[in-house]
Amino acid sequence: GFALQDESGGLYISTQEATDFAVGEQIRVVGTVGDDGHGQRILQLHEWQRLPQTTEAIPGMPAVPSGLMSVAAAQDLGGQLVTVQGRVSRPLVTDAPYGDRLWLADNSGEVQIYMPRSTDIRPEKLGLLEPGQPLQVTGLISQYDGNHEVIPRFTQDLQPWVKVGGG
């Protein structure tokens, strides 16, 4: 599958076969909106059409404190592309064969970062994911089994973060 976003929000599109869409490519989709069985809203794709125009990759919303990823805030931001920043608060957990989990925290709370294998993000090749390291992550707000998470789109969505004034 893949993520799709417009001005109104974002949604995960579930497909039966691989797609080759590029970031910024515009497509029209038709499908059925539902739940993946774990609380994540998805669109089960029935058909799609590639449109002739393209756009720049949509940037994340301005950085929000990780603690704002509470249930209420995450529900308000569900499907949106956001940027969170803080320090890695727990060791990386492999969720084979699906992806990897990481947690980011600041003084207001903690948020889960989920990196699906389909994004080609390979945490073992990044030097940013040790507990205590400052990190900024841009990704889609989603939910899985009651846990709200930020899902980066590609490796460039994970960047070192330097707090203004040091730290």
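Colleague: In what order do the elements of the protein chain run from the N terminus on?

Modeller: The order is β-β-β-β-β-α-β-β-β-β-β-β. This is a predicted model. In total the chain has 1 helix and 11 strands.

Colleague: What makes strand β8 largely enclosed by the rest of the structure?

Modeller: Count its buried residues. Strand β8 covers residues 109-116, and 6 of the 8 are buried, so the rest of the structure largely encloses this strand. For the protein chain, buried residues make up 38% of the 167 residues.

Colleague: How do you know that β7 and β8 pair?

Modeller: Pairing takes at least two bridges. Strand β7, residues 99-106, is joined to β8 by 8 bridges, so the pair qualifies. The two strands run antiparallel. Arg 101 stands opposite Tyr 114 in β8. With 2 residues between them, β7 and β8 form a hairpin.

Colleague: Why is Ser 108, in the loop between β7 and β8, called partly exposed?

Modeller: Its relative accessible area is 42%. Buried would need under 20%, and exposed over 50%. Ser 108 falls in between, so it is partly exposed. From Ser 108 to Gly 86 the C-alpha to C-alpha distance is 9.8 Å, with the two 22 residues apart in sequence.

Colleague: What makes β8 and β10 a pair?

Modeller: The cut-off is at least two bridges. Strand β10, residues 147-151, has 2 bridges to β8, so the cut-off is met. These strands run parallel. Ile 113 has Val 150 in β10 as its bridge partner.

Colleague: Which residues touch the most other members of the largest nonpolar core?

Modeller: That core has 17 residues. Val 84, Leu 104, Ile 113, Leu 135, Val 137 and Val 150 touch the most other members. At least two core residues come from each of β6 (81-95), β7, β8 and β9 (134-144). Another core, of 6 residues, lies apart from it; Leu 11, Ile 13, Ile 27 and Leu 43 are among its members.

Colleague: What does Val 150 touch, leaving out residues up to four places away in sequence?

Modeller: Contact here means heavy atoms within 4.5 Å. Val 150 touches residues including Val 82, Val 84, Val 111, Ile 113, Val 137 and Ile 141. Gln 112, Tyr 114 and Thr 138 are also among them.

Colleague: How much of the contacts with a separation of 6 or more comes from residues 24 or more positions apart?

Modeller: Such residues account for 50% of those contacts in the protein chain.

Colleague: What is the accessible surface of the protein chain?

Modeller: About 9,400 Å², with 51% belonging to carbon and sulfur atoms.

Notes:
Residues are numbered from 1 along each chain as its sequence is written. This is a predicted model: local features need pLDDT of at least 70, side-chain atom pairs count only at pLDDT 80 or more; totals for chains, interfaces and linings use all residues. Side-chain values use heavy atoms; hydrogens and water are left out. Buried means under 20% relative accessible area, exposed over 50%, partly exposed in between (1.4 Å probe, protein chains only). Helices (H or I, at least four residues) and strands (E, at least two) are DSSP runs, numbered from the N terminus. A nonpolar core is a set of buried Ala, Val, Leu, Ile, Met, Phe, Trp, Tyr and Cys residues joined through side-chain atoms within 4.5 Å. Accessible areas come from the Shrake-Rupley method with a 1.4 Å probe; for residues, only the protein chains shown count as cover.
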